[in-house]
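Good morning, colleagues. Please have the sequence and the model open while I speak.

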Amino acid sequence: MDDGAHSQAAVADRQAIIGTILAVLRERTGYDFSRYRPATVERRIHNRMIAAGIDSPAEYLALLESTPEETFRLIERLTIKVSRFYRNNGTFDVLRQELIPYLAGARGEMPIRIWSAGCACGEEAYTLAMLLEEAGHAGFVEATDIDPSALGAAHVGFYSEEAVAELPPDLLDRYLERASQGRRAGYRVRDALRQRVRFSRHDLTSRVSIADGACFDLVCCRNTLIYLQRDVQERALGALRRALAPGGFLCLGEAEWPGPAARPSLEPFRHQARIFRAAGRPPAGDA
Ligand SMILES: C[S@@+](CC[C@H](N)C(=O)[O-])C[C@H]1O[C@@H](n2cnc3c(N)ncnc32)[C@H](O)[C@@H]1O
């Protein structure tokens with residue numbers, strides 16, 4: 001075999017082992033990471049291998065197969081939970097100054113209904129709840145994530161200094177209080193804010209929707225779809241779009257954009273902030 005053939009065989013071997021690693025995860029937990037972008041999955045498995053002091057995928061597979069606890073350590077790496085309060089502040093400025101006040105006017109006596117999809121440890125959901133409080137309007141945030149450990153942390157509502165670094169000081173003072181957890185100093189969400197948010201588990205790649213028909217005035221799904229393969233991303237985006245009330249708004253992450261299936265039914269509202277408005281008929285579901 002020449003060098004080229006050798007390296008092709010090595011890549012095929014590595015991919016086969018990664019496929020087996022993902023099958024082990026699927027069998028043990030139901031998580032299906034084969035729907036995520038292969039490069040991201042491979043990079044994250046590699047990170048976990050390094051942390052475990054292992055440098056061959058085959059050895060890592062053996063560790064995973066013999067150590068059930070390794071399953072959750074790997075899932076921890078594969079679900080990327082980086083988040084912050086008021087993350088990408090330009091977007092939240094638009095939500096705070098324009099969109100939530102607009103929805104408050106449009107909804108009249110009715111509550112504003114928000115879905116934070118891929119909510120990580122609750123930073124985005126609690127930030128949205130703060131904006132509802134600021135508007136002095138009835139409303140709630142349905143916050144979902146695939147990862148139960150992230151949802152557990154969201155329930156606890158304790159955050160580090162870094163997590164709140166982008167939050168405007170007036171919001172920080174009103175809705176969070178200084179607290180500590182063991183030796184860690186940080187902030188805790190005040191009780192009044194918690195009542196606006198409900199956390200539950202939901203997999204955006206599943207065909208089951210959390211919304212029975214159109215019912216949200218605002219859906220935020222930021223920095224989450226980007227990790228999925230294009231076709232899965234499209235399907236998830238269609239489900240998010242169908243969850244919007246007529247004229248409702250979809251807010252994506254700065255690196256995300258609706259694909260061809262959802263685009264005709266969404267019109268740009270604020271380009272920079274990646275906010276779109278439901279227009280026309282939602283795309284048909286494929287469930
Ligand atoms: C990078 S965080 C984004 C958090 C927040 N939306 C933000 O922009 O700061 C991505 C989140 O998506 C979640 N996630 C990954 N795959 C998912 C899926 N299939 N369904 C629901 N949530 C998922 C991860 O667990 C993680 O908490």
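I shall discuss the surroundings of the ligand and then one sheet.

Please bear in mind throughout that this is a predicted model.

I begin with the ligand, which sits in the largest cavity. It is surrounded by 20 residues, and the closest are Y36, S83, D145, L204 and N223. By class, the residues of this shell comprise 6 nonpolar, 7 polar and 7 charged.

Let me turn to individual atom pairs. On the side chain of R87, a polar atom is placed 2.8 Å from an oxygen atom of the ligand. The side chain of D203 has a polar atom 2.9 Å from a nitrogen atom of the ligand. At A120 the backbone is involved: one of its polar atoms is 3.5 Å from an oxygen atom of the ligand. How much of the ligand's exposed area does the protein bury? The ligand taken alone exposes 600 Å², and the protein buries 99% of that.

I now move to the sheet. Three strands make up an open sheet, ordered β3-β5-β4, with antiparallel pairing. Why do β3 and β4 each have one side without a neighbour in the sheet? Both β3, residues 158-159, and β4, residues 176-181, stand at the edges with a single partner strand each, so one side of each has no neighbour there.

The pairing of β4 with β5, residues 184-189, is antiparallel and runs over 6 bridges. Within this part of the model, S180 has A185 of β5 as its bridge partner.

To close, I would return to the ligand: it lies in the largest cavity, with 99% of its 600 Å² buried by the protein. Thank you for your attention.

Definitions and conventions
Residues numbered from 1 in each chain as written. Predicted model: local features only at pLDDT ≥ 70, side-chain atom pairs only at ≥ 80, totals over all residues. Heavy atoms only, no water. Near = heavy atom within 4 Å. Polar contact = N/O pair within 3.5 Å; in protein donor to acceptor, adjacent residues only side chain to side chain. Areas by Shrake-Rupley, 256 points an atom, 1.4 Å probe, with all protein chains shown as cover. 1 Å grid on protein atoms, 1.4 Å probe; cavity = no way out; pocket = protein on both sides within 12 Å on 5 of 7 lines; lining within 4 Å. Sits in = over half its atoms within 2 Å of the grid points. Nonpolar A, V, L, I, M, F, W, Y, C, P; charged D, E, K, R; others polar. Pairing = 2+ DSSP bridges. Helix = DSSP H or I, 4+ residues; strand = E, 2+ residues; numbered from the N terminus.
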